[in-house]
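Good morning, and thank you for coming. I would like to take you through one protein model, going from the overall fold to its aromatic rings and then to its empty spaces. Please look at the structure as I speak.

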Amino acid sequence: MMDWTSQWETAWHDLGLPMPASHVLAALLSRWAEPHRKYHTLQHLEECLALFESERSLAEHPGEVAIALWFHDAVYDTSRHDNESASAQWARQVLLEAGADVVVADRVHGLIMATRHSEVPSTPDARLLVDIDLAILGGEPARFAEYERQIRDEYGFVPEPVFRDKRAQILRGFLQRPAIFATQAFAGRFGQRARANLARAIAQLA
């Protein structure tokens, strides 16, 4: 079980800033534990933070990447389309209230917005963050299958034929990319398995 308080303290230490009031961490953990979440849960956050620890040498600003991970799915509601924007704005507000420079707060905001996966990340920290978020695509087959079930559960209100069609489109989009991962480290570690997982899932959805 991850020591959330220790992880949180380390992120703020890396930023060189005092930790916010305890209610911020409590609010974050409460959000990640919301009952409507099935994949975007504390399990996902723990996996992301663990991966970051193993690859933190790739980060230019480790504290910023860590805080971005903490907040990247802080707001998550399948009925809305501004989850990343709301999460990024929350992170920016917390950082500014903690005394962060505007440049730092804006960089973290940009990192979280990169998890929309709508464009190729342009900075080393954004590439690392996005690769961490997408690493589940290259997970062990059993974990990837669990992930797919969790996503289906999050969209349980969507009729099966519609879900299958939309989900296949999303997965096909990742599979058709020249490179699924932006960093060499993640491409080497997860790339081949991600393509196998995606191809299998697309076939199962057909």
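**The overall fold**

Reading along the sequence, we meet the pattern α-α-α-α-α-α-α-α-α-α. In total, the chain has 10 helices and 0 strands. Please keep in mind that this is a predicted model.

How compact is the chain for its length? Its radius of gyration is 17 Å, close to the 17 Å that the globule rule gives for 206 residues, so the chain is as compact as a globular protein of that length. Along the principal axes, the C-alpha atoms fill a box of roughly 50 × 35 × 30 Å. Of the 206 residues in the chain, 48% are buried.

**The aromatic rings**

Let me turn to the aromatic side chains. A pair of aromatic rings is described by the distance of the centres and the angle of the planes. The count for this model comes to 11 aromatic pairs.

Take Trp 4 and Trp 70 as an example. Their ring centres are 5.8 Å apart and their planes stand at 70°, so this pair is edge-to-face; the cut-off for that class is an angle over 60 degrees. Which parts of the chain does the pair tie together? Trp 4 belongs to helix α1, residues 4-15, and Trp 70 to helix α4, residues 62-71, so the contact joins parts that are 66 residues apart in sequence.

Are these two side chains buried or exposed? A residue counts as buried when its relative accessible area is under 20%. Trp 4 has a value of 11% and is therefore buried. Trp 70, at 0%, is buried as well.

Trp 70 also forms an edge-to-face pair with Trp 8, with 5.1 Å from centre to centre and 70° between the planes. Here again helix α1, which holds Trp 8, is linked to helix α4, which holds Trp 70, and the two residues are 62 apart. Trp 8 is buried too, because its relative accessible area is 3%.

These contacts are part of a wider group: ring pairs link Trp 4, Trp 8, Trp 12, Trp 70, Phe 71 and Trp 90 into a cluster.

Rings may also have a charged group above them. Arg 37 lies over the face of Trp 32, at 5.5 Å from the ring centre. Likewise, Arg 152 lies over the face of Phe 163, at 4.3 Å from the ring centre.

**Cavity and pocket**

Finally, we come to the spaces inside the model. There is 1 cavity of 30 Å³ or more, and the largest cavity has a volume of about 50 Å³. Trp 70, which we have already met, is one of its lining residues, and others include Gln 7, Leu 49 and Arg 56. Helices α1, α3 and α4 each supply at least two residues of this lining, and α1 gives the largest share, with 4 residues. By class, the lining has 5 nonpolar, 2 polar and 3 charged residues.

The largest pocket has a volume of about 940 Å³. It is lined by 34 residues, and those nearest its centre are His 40, Tyr 76, Glu 84, Tyr 155 and Ile 170. Which helix contributes the largest share of this lining? That helix is α9, with 6 residues. The lining of the pocket divides into 15 nonpolar, 11 polar and 8 charged residues.

Thank you for your attention.

Note on methods: Residues are numbered from 1 along each chain as its sequence is written. This is a predicted model: local features need pLDDT of at least 70, side-chain atom pairs count only at pLDDT 80 or more; totals for chains, interfaces and linings use all residues. Side-chain values use heavy atoms; hydrogens and water are left out. On a 1 Å grid over the protein atoms alone, a cavity is a set of points where a 1.4 Å probe fits but cannot get out, and a pocket is an open set with protein on both sides within 12 Å along at least five of seven lines; lining residues have an atom within 4 Å of a point. Grid points are joined across faces, edges and corners, and a volume is the space filled by probe spheres set on the points. Ala, Val, Leu, Ile, Met, Phe, Trp, Tyr, Cys and Pro count as nonpolar, Asp, Glu, Lys and Arg as charged, and the others, Gly among them, as polar. Rings of Phe, Tyr and Trp (its six-membered ring) pair if their centres lie within 6.5 Å; planes under 30 degrees apart count as stacked, over 60 as edge-to-face and the rest as tilted. Buried means under 20% relative accessible area, exposed over 50%, partly exposed in between (1.4 Å probe, protein chains only). A charge sits over a ring if NZ of Lys or CZ of Arg is within 6 Å of the ring centre and within 35 degrees of the ring normal. The radius of gyration is taken over C-alpha atoms; the globule rule is 2.2 Å times the number of residues to the power 0.38.
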